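Here's a short back-and-forth for someone meeting this structure fresh. Have a look at the picture, then follow the questions.

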Amino acid sequence: MAGIDLQFALEQVPKILQGVPYTLLVTIVAMIVGLVIGTILAFFRIYRVPVLHQLTVLFVSFFRGTPLIVQLFVFFYGLPMLILSLNDTFQWGLNPDIMSPLVIALIAYSINSASYLTEVVRSAIQSVDKGQLEAAKAVGMTTFQGMYRIILPQAFVTALPNLGNHFIMLIKASALAFTIGIMDVLGISRVIANDGYRFLETYLVAALIYWLLSIIFEIILARIEKRARTFEGRASNTA
Amino acid sequence: MTFGLSDWINILGQVLDRLPLTLAMLVVSLIFAMLIGIVIAFIRIEKIPVLHQLATVYLSFTRSTPLIVQLFLVYFGIPQLLLTFGIDINHWSRFVFVVITFSLHTGAYLSEVFRSSYLSVGKEQLEAAYSVGMTYPQALRRILIPQAFRVALPNVGNHTIELLKDTALAFTIGIIDIMGQVKLILGNNYGVGMFQIYVAIAVVYWIICILIELVILWIERSQRKKHAGISN
């Protein structure tokens, strides 16, 4: 069983590509849900909401200070237990099986992602000049309107590079989902590799797919960033 | 089946049993990663032909593929590749493969940290050093590195913490570290759930992370004091 069998490697490409939708599903859901939760938590921190502010700090520290794979296992074994105990306390009839590995992975990645994005959103909002909000209020907007119409759009542009990095990081992090049984790119590769003892070829194909995915999204993100930037430039030039 | 405080302390103790292995992976990989980082940074700064292009491909690959895929490639792939040339390394310890993977991975990130921190020190600093008669090695040691070190420190700290968390992946190739210990704990303790074990493991990682952060913060503070002294 020595040597590299290129033929074999090529044959595996279509099979392994079938994992890409799962990889992207986990990545995109984690990004969107993480961004929503992260933005809410960022406001807790910016406005120093008592209790919630401290809890957010604790939450961010925990999820950034522990390995993602440990968090996955905590959720994997913890979520069904949570449902059982909810059933016990409230006499609900929830089926713990609703926590399929995919649902658990989506929850775990979203919460992990939220902890990182909290800091990204917070620093982006704080980078917008305070005078902007004051000006919005001066023309009669409420704080919420000012945030929504003036501050957040500007903060979004500032946050874009970090959001892009985080997205690429999520693509790579999603590879860990195979440990709880998700058949993503790595999950399928592992099955194929263990089946035929063709480790080098299969993992090489998997690595190339991840590499390509990262490069494609890097290009897309660079375009989005550029578009956001030109808009910013024009606005400041006319002012 | 109540899970009391003494049970928690019991599992924590068993997890901590395997802490030295995790720390060994961290420290050994970090040392090699720094060496790799310095070499790659040098190649990229000096733009050495061929090596420069190779380094760029290497950086792109390591930073765009999941670490776990790299770990599998090194652990399963390299022995298979070398067997083609008649070299058998299957008997090598798993620890070696883990260290190779983590060093190459973190080395790629550190090389960018080193490169940007070196470039952040202005060129006029080097010119000034030359004008007072220093040679390049002298300028490097006395002028450039001390300043670049301050810039690089926070990032090196972040990557150390990343590396610590990454070591949790080593169990996937059969290393019995904190994560690999789970089966043993299950065998020893009647009635301990997987959930409790992983919470305990998470807490251990969390504490080490906080400790590393504190150390970095302490070094940063002591550096800042020194810097202020000079500029005053």
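Q: What makes chain B of this predicted model one the predictor is confident about?
A: The mean pLDDT of chain B is 88, and 94% of its residues reach 70 or more. That score runs from 0 to 100. For the complex, the predictor gives an ipTM of 0.86 and a pTM of 0.88.

Q: Why is B:Lys183 called exposed?
A: Count the neighbours: B:Lys183 has 11 C-beta neighbours inside 10 Å. The cut-off for exposed is 12 or fewer, so B:Lys183 counts as exposed. You'll find B:Lys183 in helix H8 of chain B, residues 182–188. The C-alpha atoms of B:Lys183 and B:Leu71 are 22 Å apart, with their positions 112 residues apart along the chain.

Q: How do you know which secondary structure chain A has?
A: Just tally the elements: chain A comes to 9 helices and 0 strands. Reading from the N terminus, that's α-α-α-α-α-α-α-α-α. The C-alpha trace of chain A spans about 75 × 55 × 30 Å along its principal axes.

Q: Where does the name "ABC transmembrane type-1" come from, and which residues does it cover?
A: It's a domain annotation in an unreviewed UniProt entry, covering residues 20–221 of chain A. In the model, that span is 82% helix and 0% strand, and its end C-alpha atoms lie 19 Å apart.

Q: What share of chain A counts as buried?
A: Of its 239 residues, 37% do. A residue needs 20 or more other C-beta atoms within 10 Å to be buried.

Q: What makes up the largest nonpolar core?
A: It has 108 residues, and those with the most contacts inside it are A:Tyr203, A:Ala206, B:Val69 and B:Ile201. This core takes at least three residues from each of domain 1 (1–17 + 181–232) and domain 2 (19–178) of chain B. As for B:Ile201, leaving out residues up to four places away in sequence, it touches A:Val70, B:Val15, B:Ile178 and B:Met179.

Q: How many residues of the two domains of chain B are in contact?
A: 15 residues of domain 1 are in contact with 12 residues of domain 2. On the domain 1 side, helix H1 (5–16) and helix H9 (194–231) of chain B each give two or more residues. The largest share, 12 residues, comes from H9(B). By class, that side of domain 1 has 10 nonpolar, 3 polar and 2 charged residues. The centres of the two domains of chain B, taken over C-alpha atoms, are 25 Å apart.

Notes: Residues numbered from 1 in each chain as written. Chains lettered and ligands numbered in written order. Predicted model: local features only at pLDDT ≥ 70, side-chain atom pairs only at ≥ 80, totals over all residues. UniProt positions renumbered as here; feature names shortened; annotations may be inferred. Helix = DSSP H or I, 4+ residues; strand = E, 2+ residues; numbered from the N terminus. Core = buried A, V, L, I, M, F, W, Y, C linked by C-beta atoms within 7 Å. Domains from an automatic or database assignment. Contact = placed C-beta atoms within 7 Å. Nonpolar A, V, L, I, M, F, W, Y, C, P; charged D, E, K, R; others polar.
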